[in-house]
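Visitor: I have just opened this structure and would like to learn how to read it. Could you walk me through it, one feature at a time?

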Amino acid sequence: MSAMSLSSPLPILSVHPSRALVDEKFEVIVENLSPGCPVTIRSLHHSEDGDDWEAYGLYVSDHTGRVSVSQDMSFGGTYSGRESMGLIWSMRPVPGSGTRLR
């Protein structure tokens, strides 16, 4: 490892609350990024039927190196725009996973 990588803080991902019902809003925040850093935030759900579902948004960190899914714009992915619950409602089957709908 280089000295630069040892001194750089690692990104921090926070989800609050850590447990919620499907209709409850939650906050997803990534911090300790470089300002203007492109970042993909992805959600993955493994259903009880064994199917995998995913969603993701493409973001750019603000001047403080932070991304808030509920406050910042997604510039692409499975959804775009300011969508606080986009990581849930835009979920799609993972290619190669089962295709049963629930």
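Guide: Gladly! Let us begin with a term we will need: two residues are in contact when they have heavy atoms within 4.5 Å. Keep in mind that this is a predicted model.

Visitor: Which residues is valine 30 in contact with, leaving aside its neighbours within four places in sequence?

Guide: Valine 30 is in contact with Pro11, Ile12, Leu13, Ile41, Gly65, Arg66 and Val67. Two of these names come back when we look at pairing: leucine 13 stands opposite valine 30 in β2, and valine 67 in β5 is the bridge partner of valine 30.

Visitor: Before the strands, how many helices and strands are in the chain?

Guide: The chain has two helices and six strands. Starting at the N terminus, the order of the elements is α-β-β-β-β-β-α-β.

Visitor: How do strands of a sheet pair?

Guide: The general idea is that strands pair through backbone hydrogen bonds, and the pairing is either parallel or antiparallel. Here, one open sheet has three strands in the order β1-β2-β5, with antiparallel pairing. At its edges stand β1 and β5, each with a single partner strand, so one side of each has no neighbour in the sheet. Five bridges join β1 to β2, which covers residues 27-31, while two bridges join β2 to β5, at residues 67-68.

Visitor: What is the order of the strands in the other open sheet?

Guide: That order is β3-β4-β6, again three strands with antiparallel pairing. The edge strands are β3 and β6, and each pairs on one side only. Nine bridges join β3 to β4, which spans residues 52-60. As one example of a facing pair, serine 43 stands opposite alanine 55 in β4.

Visitor: Now for burial. Is serine 14 buried or exposed?

Guide: To judge this, we use a cut-off: a residue is buried when its relative accessible area is under 20%, exposed when over 50%, and partly exposed in between. Serine 14 has a relative accessible area of 16%, so this residue is buried. Serine 14 belongs to strand β1 and stands opposite isoleucine 29 in β2. Not counting residues up to four places away in sequence, serine 14 touches Glu27, Val28, Ile29 and Glu31.

Visitor: And why does arginine 92 count as partly exposed?

Guide: Arginine 92 counts as partly exposed because its relative accessible area is 46%. This arginine lies in strand β6, and its contacts, not counting residues up to four places away in sequence, are Asp52, Trp53, Glu54 and Thr78. Between arginine 92 and threonine 78 there are 8.1 Å from C-alpha to C-alpha, although they are 14 residues apart in sequence.

Visitor: What share of the chain counts as buried?

Guide: Of the 102 residues, 31% count as buried. Buried nonpolar residues whose side chains touch can be grouped into a core. The largest nonpolar core has 12 residues: Phe26, Val28, Val30, Leu33, Val39, Ile41, Tyr59, Val67, Val69, Tyr79, Met85 and Leu87. Both β2 and β3 supply at least two residues of this core. Our first example, valine 30, is one of the core residues.

Visitor: Let us turn to pockets. Which residues lie nearest the centre of the largest pocket?

Guide: Phe26, Ser43, Leu87, Ile88 and Met91 lie nearest its centre, among 20 lining residues. Elements giving two or more residues to this lining are β1, β3 and α2, and β3 gives the most, with five. By type, the lining divides into 14 nonpolar, three polar and three charged residues. The space in this pocket comes to about 410 Å³.

Visitor: Finally, which peptide bond is cis?

Guide: The bond from histidine 16 to proline 17 is cis, with omega near -10 degrees. Proline 17 sits in the loop between β1 and β2. Another backbone detail is found at asparagine 32, where phi is near 70 degrees, a positive value in a residue other than glycine. Asparagine 32 is in the loop between β2 and β3, and counts as partly exposed because its relative accessibility is 34%.

Key: Residues are numbered from 1 along each chain as its sequence is written. This is a predicted model: local features need pLDDT of at least 70, side-chain atom pairs count only at pLDDT 80 or more; totals for chains, interfaces and linings use all residues. Side-chain values use heavy atoms; hydrogens and water are left out. On a 1 Å grid over the protein atoms alone, a cavity is a set of points where a 1.4 Å probe fits but cannot get out, and a pocket is an open set with protein on both sides within 12 Å along at least five of seven lines; lining residues have an atom within 4 Å of a point. Grid points are joined across faces, edges and corners, and a volume is the space filled by probe spheres set on the points. Helices (H or I, at least four residues) and strands (E, at least two) are DSSP runs, numbered from the N terminus. Ala, Val, Leu, Ile, Met, Phe, Trp, Tyr, Cys and Pro count as nonpolar, Asp, Glu, Lys and Arg as charged, and the others, Gly among them, as polar. Buried means under 20% relative accessible area, exposed over 50%, partly exposed in between (1.4 Å probe, protein chains only). Two strands pair if DSSP finds at least two bridges between them. A nonpolar core is a set of buried Ala, Val, Leu, Ile, Met, Phe, Trp, Tyr and Cys residues joined through side-chain atoms within 4.5 Å.
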